[in-house]
Amino acid sequence: MSISQQQYFDRELSWLSFNQRVLQEAQDKTVPLIERLRFLGIYSSNIDEFYQVRVANVRRVAYLSQFQKKDKARQLFVEIQEKVQQLQNEFDQTYQDLLFQLSDHDIDLINEKQLNEYQQQWLTEYFKNELSSHVFPLIITAKINLTEQIKNDCTYLMIEMRTAEEDLKDHYALVEVPSDVPRFVELPVDQNSKQKNIILIDNIIRHSLQSVFSVFYDFSHIRAFSIKLTRDAEFEVHGEINQSLLESMSSGLRSRLNAEPVRLLYDRKMPEAMVEVLKKGLKIKSNKRLNESGRYLSFKDFIEFPSIGCKELRYKKLPALPHTVLDSYRNITQAIKEQDILLYYPYHKFSYFTEWLRQSAFDPQVIRIEICLYRVAKKSAVIEALIEAVKNGKHVHVNIELQARFDEEANIEWAEELSNAGVHVTYGVSNLKVHAKLCVVTREEDGEIIRYAHVGSGNFNESNAKIYTDFSLFTSDVDICTESAQVFEFIKSPYLQFKYKHLIVSPTHTRDKVIELIDKEIKYAKQGYPSEIILKLNNLVDDIFIEQLYRASNAGVKVTLIVRGICALVAGVSGQSENITAVSIVDRYLEHARVSIFSNGGKQRIYISSADWMTRNIERRIEVGCPIYCPKVQKMILDIINIQLADNCKARILNADQSNQYLTQNKGEQTLRSQMVIYDYLKQHNKEEAKALK
């Protein structure tokens, strides 16, 4: 099938196209230099997860397809490998370019062979005092089962020692590079020098190998090479009657440790004999699981590259904005009672949500707090407030999702802590992840039960709220609050049936509701009424919804997409999607909000949601989409979306060839970088609200 006839992009290749947009940020000379290094870290972290989840799945399908004489999955695997290698070549070149530019700014990232005498002495003491207690060599012998010892996605140094007595025999060992110590260390330089020398912890360990191993070994030489193992991140949760979900998840996490290797990354300079030792120890029979790389394999650590050098090397700080209306009331609940409130993170302070929970924890009229937790911060003010609410006699119900990928272990610990504190904890519905960003606070006011709700697009996570763009709606609308409470009843009792007239809830009726909304636009278009659909999503993959959008396009409906990540829909194809345009915005903040706007014959309908348009979100998760009824909030969302649609700086066109071409400005048009313009817009909005309140 030619590109022009293509109906769907493959989701894995589309994801790689998204990660290429992340790499473009590292290559963009308008991005501050240290931030470009951090984008390399984000790119690398994304690739690691891609192999753990997506490539692992492709490998499973490819393995099964060989028995069915189907070559599609195997061909896809080849295409993925080719694309990853192309991007890796770009990555390596970008990294070298950035190192040269760092040096131009008197910052050098050096290795253990570039140390002067004083730095060598200083590092010897640093290792002895700060690092040696974190280093535990594993001597490789026939008794050691490497598949049980090497952790997923951790960097190791594989050590080769040749003893003086047995000059022809090599001994091997592994040293895990510690993850709980600073990754980058600034070395001392001459007092009058402007130069800054940075060394990675890997190279500090390399420098100190002799002191580590000489306590037991006499060797003629010793050297080290980096390795990193990526395992399949998927695992089965067995639903035995006598085994709780919590126990199942704990067992599943243990099984992940022993999951089949998907990729072994190793330093391309590693001797072949060492590679063979690894292959044998890890039971890797095919070289297709091996990937050569450079000296450093844990580039995701560059996300935390130190903030050194002049301030121009980093993004200018944009302090989170206050919300004038929320600040003007005695407490947050009173503000929500008066009007709907919309926060847009990270532009607004996330602390308004945690403060609402804190106030609710000791509010004498609050009788109940219900919340869905998917991912929370390591030090969570949300968890703290919920526990304090129990102490104050409130009934607190927390649904915590134990199957939030890569957060399973943390969520198990949170679940235990909450349960021990007296919180009523549930773990969702069998075979359904609870992904809704929902919180309901119930008060008794003058003998009546009154509810207040939060419905959003992002997790209740203070850390994520600093870098993820998400909408949070606070409302006292009776219909929305009542249906939000029904979602919690459904979580506790999934056999109960609820009909939602306002919320769009997965898995019960998102499919039907969205199709109904699109069908209305098609009907209006055919009747000559205004018809337009604007979608802002992280991922657009669901075949049925894509077919509906193609139908809408062919009926004359204008469809505009802002899709950050995977977009399986092919836009701009004559006779298929000629009325559909699609862009992706990648910038300093991670675009995470989900918004759907339907012109509805001139009476716009706007929804924010926790759900992407992926089959799993529609059919296998509990998700909540919320209509926006407040005109002021509607206007704010529309203004923000329109700013993003005008972006001619960080927007890339999602077209038929997936080339990630930037959306360029027209002649005479000013450069518009939407994330910065939105910050200024909300800042001005605050001033206008302040004037209105006077």
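These are my notebook entries on what I looked up in this predicted model.

**Ground rules.** I number residues from 1 along each chain as its sequence is written, and I use heavy atoms for side-chain values, with hydrogens and water left out. Since the model is predicted, I accept local features at pLDDT of at least 70 and side-chain atom pairs at pLDDT 80 or more, whereas totals for chains, interfaces and linings use all residues.

**Overall form.** I noted 20 helices and 26 strands in the protein, taken as DSSP runs numbered from the N terminus (helices H or I, at least four residues; strands E, at least two). I then looked up the radius of gyration, which is 27 Å and agrees with the value near 26 Å for a compact globule of 694 residues; the radius is taken over C-alpha atoms, and the globule rule is 2.2 Å times the number of residues to the power 0.38. The C-alpha atoms fill a box of roughly 85 × 65 × 65 Å along the principal axes.

**Burial and cores.** I found that buried residues make up 55% of the 694 residues, where buried means under 20% relative accessible area, exposed over 50% and partly exposed in between (1.4 Å probe, protein chains only). I next looked up the largest nonpolar core, a set of buried Ala, Val, Leu, Ile, Met, Phe, Trp, Tyr and Cys residues joined through side-chain atoms within 4.5 Å; this core has 51 residues, and F471, V487, I637 and L682 have the most contacts inside it. Helix α19 (residues 631-645) gives the largest share of this core, seven residues. Leaving aside neighbours within four places in sequence, I listed L438, Y500, L503, V505, I622 and V624 as in contact with V487, contact meaning heavy atoms within 4.5 Å. A second, separate core of 45 residues includes L37, F184, F305 and V586.

**Cis peptide bonds.** I recorded a cis bond from Y345 to P346, with omega near 0°, and placed P346 in the loop between β10 (341-345) and α12 (351-362). Another cis bond joins S506 and P507, with omega about 5°, and P507 lies in the loop between β18 (504-506) and α16 (510-526).

**Positive phi.** I noted that N431, although not a glycine, has a positive phi of about 70°; N431 sits in the loop between β13 (424-426) and β14 (433-434) and is exposed, with a relative accessible area of 71%. For D446, in the loop between β15 (437-445) and β16 (448-456), I recorded a positive phi near 55°, and at 80% relative accessibility D446 counts as exposed.
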